[in-house]
Amino acid sequence: MHETAFAKINLALHVRARRQDGYHTLETAFAFVDAGDELAVSPAPQDALRVVGEFGGELADPFGNIVAKALTTLPRAHGWAVTLEKRLPVAAGLGGGSADAGAVFRLVERAQGLPKDWHARAAALGADVPACVASQACIGRGTGTELEAVDNDLAGCPVLLVNPRIPLATGPVFKGWDGVDRGPLPTGNLRTIALDGRNDLEAPALALVPQIGEVLAALRATGAWLVRMSGSGATCFALFDDTAARDAAQAAMPGAWWTLAGALR
């Protein structure tokens, strides 16, 4: 079996409060791009994981990989040999590991169905994993695991992802948040939420990786109708009215940056 681990972006990410358990109370609009990492699965005597691809070398510990953890948390009748082609940059605000885990959940669902408590199992792997299981646009609350449906009027919207090839860990970015509650996520369809929303982690991410500002400036010069950083960075995204504008924007980006052109699911 084969499955794509669709890249996640946060069209808006509102941080509302710090929690005593070290997490933060969030409100976010999840969206997913129609491209990402690729997983291939075949039967095996026991579970095994092989990581390849452009960014495969950045995942040196196969037992610490979230794909291995997802395999462990989901019971199956037989072992699986999994090949993960890592096409998305690591520590990039794209939920790459969570998307990989979500793809494992979809593969297990296809093969034999998921256990009734799959949501709790997914949330135990990471806050973004439950959203990544369906990989459909939705609203996330709490730590991001409390999911709500949203009117997705952006399906098919051309999107360009750009990363300056600088990894940025999530923890230090959240630690740099100033603690100011700037208000709730807007209501309405996905376009309205995206346009009227914000990313409260952009400022602390910029303080850690100033090159994010260069990416945002380059994307804002392309005529995109929305430009924003995704998640905790350092990847930024731009939304366009047509694929020609998106492709022209991709061609205009510096060659040293990582880019991915796609469409929202």
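In the predicted model, helix α9 (residues 243–252) lies across β7 and β10. Relative to β10, helix α9 runs at about 175°.

Both strands belong to an open sheet of four strands, in which the order is β8-β9-β7-β10 and the pairing is antiparallel. The edges of this sheet are occupied by β8 and β10 (258–263); each has a single partner strand, so one side of each is left without a neighbour in the sheet. On average, and with direction ignored, neighbouring strands of the sheet are turned by 15° against each other. Strands of a sheet pair through backbone hydrogen bonds, in either a parallel or an antiparallel arrangement. For β8 and β9, the antiparallel pairing extends over four bridges. Within this part of the sheet, L226 stands opposite L239 of β9.

Helix α8 (residues 211–220) contributes the buried residues I212, V215, L216 and L219. These four residues lie on the same side of α8, because they cover an arc of only 95° around the axis. This agrees with the general geometry of an α-helix, which has 3.6 residues a turn, so that residues three or four places apart point the same way. The packing partners of the buried residues of α8 are β7 (158–163), α7 (202–208), β8 (226–229) and β9 (236–239). Three of the sheet strands, β7, β8 and β9, are thus among the elements against which the buried residues of α8 pack.

A further region of interest is annotated in UniProt. The unreviewed entry places the feature "binding site" at P89, V90, A91, A92, G93, L94, G95, G96, G97, S98 and A99. Of these residues, P89, V90, A91, A92, G93, L94, G95, G96, G97 and S98 are included in the lining of the largest pocket.

Two of the annotated positions, V90 and A91, are described here in more detail. V90 lies in the loop between β4 (79–85) and α2 (96–112), and A91 is likewise found in the loop between β4 and α2. V90 is partly exposed, its relative accessible area being 23%. A91 also counts as partly exposed, at 31% relative accessibility. When neighbours within four places in sequence are left aside, V90 is in contact with F55, E58, L59 and P167. With the corresponding neighbours of A91 left aside, the contacts of A91 are I166, P167, L168, A169, G233 and A234. P167 therefore appears in the contact lists of both V90 and A91.

Terms used:
Residues numbered from 1 in each chain as written. Predicted model: local features only at pLDDT ≥ 70, side-chain atom pairs only at ≥ 80, totals over all residues. Heavy atoms only, no water. Buried < 20%, exposed > 50% of the residue type's maximum accessible area, 1.4 Å probe, protein only. Helix = DSSP H or I, 4+ residues; strand = E, 2+ residues; numbered from the N terminus. Arc of directions from axis to C-beta. Contact = heavy atoms within 4.5 Å. Pairing = 2+ DSSP bridges. Axes fitted to C-alpha atoms, helices over the stretch in contact; angles between N-to-C directions. UniProt positions renumbered as here; feature names shortened; annotations may be inferred. 1 Å grid on protein atoms, 1.4 Å probe; cavity = no way out; pocket = protein on both sides within 12 Å on 5 of 7 lines; lining within 4 Å.
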